[in-house]
Amino acid sequence: MNSLQNAPGRSRVVIENLTPNVDGGKYPVKRVLGDSIKMRVGAFADSHDIITVEFCHRRKGSKDWVRNPMADAGNDEWTYDFQPWEIALYEYTVIASIDHFGSWRDGFGKKLESGAPIEVELLIGGDIVLAAAKRATGEDKKSLNAYGKILKDPDANYRNRIDTAHSEDLRWLVSRFLDRELESTSPICLLLVERKLAAFSTWYEYFPRSCGPDADTHGTFDDAKNRLFEIDRMGFNIVYFPPIHSIGKAFRKGKNNTLTPSETDVGSPWACAGHKDILPELGTLEDFQSFITEAARYEIEVALDIAFQCAPDHAWVKEHPSWFKWRPDGTVQYAENPPKKYQDILPINFETEDWKSLWTELKSVLEYWISVGVKVFRIDNPHTKSLHFWNWCILEIKTNHPEVIFLAEAFTRPKRKYNLAKGGFTHGYTYFTWRNTPSEMRQYLTELTTSETKDYFWPNFWPNTPDILHEDLQVKNQAVYMGRYILAATLSSNIGIYGPAYELMDCEPFPGKEENNNSEKYELKQWDWNKPGNLKDEIARVNGIRNSHVALQRTFNVFFADSDNPHFLCYLKQNWDRTDQILVIVNMDWEYTQSGNVYLPLDHIGVGEHDSFSVKDLNDPYEAEYTWSGSKNFIKLDPKISPAHIFKIKRL
């Protein structure tokens with residue numbers, strides 16, 4: 001008999017395959033405010049009874065459901081176009097039940113039309129209405145009782161009884177007071193509705209400590225303000241700082257990651273000695289908040305790097321020793337990724353028996369900086385921390401602060417990257433940097449934009465970071481730098497660069513490694529911001545195109561076109577009504593001129609085979625314009641002039 005405890009009992013409606021959902025509702029589907037979401041479900045019952053199917057939603061933490069009828073799409077499929085009204089973490093489900101009154105009225109109409117006796121049918125209908133009256137209150141209860149009595153009264157006017165059976169007012173009243181005891185319910189799913197910055201962001205990373213007047217003077221938040229005008233002119237809407245906390249002194253790293261630092265070495269910001277404090281050399285908390293305010297004047301948000309790891313002299317090490325791993329010789333285990341060693345940081349032990357206190361404290365770090373005014377976080381190496389922790393922590397924060405954006409810096413295996421996204425991270429780092437040919441790039445973007453991952457994994461493309469200097473970028477070749485930036489900026493709606501190194505083409509690699517030599521991670525740098533040959537104007541032009549064209553402000557609308565030249569990557573982006581259409585063609589041979597034909601999918605563009613249309617090259621300083629006709633068109637790209645066309649398509 002125990003097997004009956006979880007049986008559906010008297011409920012007769014079957015509900016199947018509510019979509020979209022992620023892992024049956026375990027993780028949230030992600031959308032942007034303003035998006036309309038087509039909810040689909042299969043729902044049916046035994047026999048010929050009519051059923052009611054409702055899409056129900058509420059903000060997580062709310063008590064009451066908002067219920068809306070789903071549309072019958074035929075063949076036992078039901079749909080509802082849900083357009084959330086605010087950013088929030090939502091719960092949603094489908095509730096269905098037998099519509100006893102609707103089923104009765106449908107059968108009653110057929111019997112009346114065929115001339116069959118209907119007196120008993122009227123009595124049955126009256127009983128259904130009176131049962132609904134018992135579930136109603138106030139004026140509704142009075143109205144339902146009145147209708148029920150008319151249907152059951154054999155002495156009432158016959159025509160009046162028939163009209164009552166067909167009354168739409170009665171139909172609506174009964175539908176409001178269905179017998180909820182017999183409902184079937186689908187599993188509850190989650191929906192994360194993000195603000196528009198989550199869908200379209202352009203990140204610029206720089207170190208405030210390198211904004212001082214010279215290479216020997218530690219920069220401050222006030223010094224970093226001086227970069228905001230130029231960052232805004234280049235078209236970025238997020239500035240991202242590495243950790244701004246105090247830096248540990250124990251086992252501090254020197255220049256180029258040496259284990260023998262000098263007295264003046266500043267150390268790595270990721271060797272955090274306190275997660276709720278600020279490095280005094282950068283300024284005070286008030287100075288940081290002043291920077292946030294100044295950035296807001298430019299409509300730029302400030303992202304903060306959070307690294308859940310500790311310098312050996314972090315207070316947590318003494319106060320909570322169980323939060324770390326200790327070796328048999330009594331020393332604490334520092335971070336390692338053989339052959340790499342990170343003696344200046346200690347990983348957190350997520351297997352500690354004191355895990356509840358640990359989780360609460362880590363969440364409080366994020367909550368503290370949210371209270372300071374930070375709404376965007378880049379999380380360092382989240383795949384090396386408990387995945388269950390992130391799922392709990394981020395959804396807890398999103399329930400109360402749905403505006404907060406999380407970027408996962410996770411260059412790891414796909415399943416782990418995708419699980420972080422499922423757990424609530426808004427964006428994730430990708431393998432974009434290591435896709436080196438048009439065919440590789442096309443295959444990867446097809447995976448990201450057409451598989452089921454698009455419901456939860458939103459890529460953020462970074463051509464470089466302080467940790468990554470791709471082999472292509474180890475040569476001072478403007479075509480490579482701008483070609484890779486154009487690819488990132490037009491393929492993905494969320495992108496970022498480690499700004500100074502990119503705009504100034506700082507291309508010297510550390511010997512034998514894919515990262516910059518004399519890395520800013522370990523020393524103060526004095527950048528020559530106006531160095532001849534810088535890419536500021538070129539980056540500004542590309543970002544200006546992004547900021548002006550809604551077709552480039554989404555990722556999942558990319559559509560690839562074919563070419564007879566394997567060095568060309570060709571793709572289209574357009575908004576839903578085709579009023580903004582962008583065609584991008586990139587020559588990924590960064591050294592030599594390439595030419596060939598591009599074959600446009602005219603049906604996708606909405607252009608006839610014999611129609612003429614113009615293409616204006618927005619990436620050309622002179623915005624050269626050409627008239628094309630048909631699907632086959634000739635392209636020639638010299639990377640020494642420009643590695644890419646960014647065409648605006650216009651019907652003639």
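**Exercise 1. Describe the largest pocket of this predicted model: its volume, its lining and the elements that contribute to it.**

Solution.
Step 1: Start with the volume. The largest pocket measures about 1,400 Å³.
Step 2: Turn to the lining. It is made up of 45 residues. Nearest the centre lie Asn337, Lys340, Tyr342, Ile345 and Asn381.
Step 3: Find the elements. Strand E15 (335-337) and strand E16 (340-342) each give two or more residues to this lining.
Step 4: Sort the lining by type. There are 15 nonpolar, 14 polar and 16 charged residues.

**Exercise 2. Do the same for the second largest pocket.**

Solution.
Step 1: Its volume is about 970 Å³.
Step 2: The lining has 32 residues, and Val32, Asp35, Arg554, Thr555 and Phe556 are the closest to the centre.
Step 3: At least two lining residues come from each of strand E2 (28-32), strand E3 (37-45), helix H6 (196-199) and helix H14 (438-450).
Step 4: By type, the lining holds twelve nonpolar, twelve polar and eight charged residues.

**Exercise 3. Examine helix H12 (residues 387-400): its span, its cap and its buried residues.**

Solution.
Step 1: H12 has 14 residues, and the expected span is 20 Å. From first C-alpha to last, H12 reaches 21 Å, close to that value.
Step 2: Look at the N-terminal end. Ser386 caps it, with a side-chain oxygen 3.3 Å from the backbone nitrogen of His388.
Step 3: List the buried residues. Among them are Phe389, Trp390, Cys393 and Leu395.

**Exercise 4. Is Ser519 buried or exposed?**

Solution.
Step 1: Locate Ser519. It sits in the loop between helix H16 (499-503) and helix H17 (536-548).
Step 2: Its relative accessible area is 4%. Buried means under 20%, so Ser519 is buried.
Step 3: Check its contacts. Leaving out residues up to four places away in sequence, Ser519 touches Asn256 and Pro466.

Methods:
Residues are numbered from 1 along each chain as its sequence is written. This is a predicted model: local features need pLDDT of at least 70, side-chain atom pairs count only at pLDDT 80 or more; totals for chains, interfaces and linings use all residues. Side-chain values use heavy atoms; hydrogens and water are left out. Helices (H or I, at least four residues) and strands (E, at least two) are DSSP runs, numbered from the N terminus. Buried means under 20% relative accessible area, exposed over 50%, partly exposed in between (1.4 Å probe, protein chains only). Contact means heavy atoms within 4.5 Å. The expected span of a helix is 1.5 Å times one less than its number of residues. A polar contact is a pair of N or O atoms within 3.5 Å; within protein, one must be able to donate a hydrogen and the other to accept it, and residues adjacent in sequence count only if both atoms are side-chain atoms. On a 1 Å grid over the protein atoms alone, a cavity is a set of points where a 1.4 Å probe fits but cannot get out, and a pocket is an open set with protein on both sides within 12 Å along at least five of seven lines; lining residues have an atom within 4 Å of a point. Grid points are joined across faces, edges and corners, and a volume is the space filled by probe spheres set on the points. Ala, Val, Leu, Ile, Met, Phe, Trp, Tyr, Cys and Pro count as nonpolar, Asp, Glu, Lys and Arg as charged, and the others, Gly among them, as polar.
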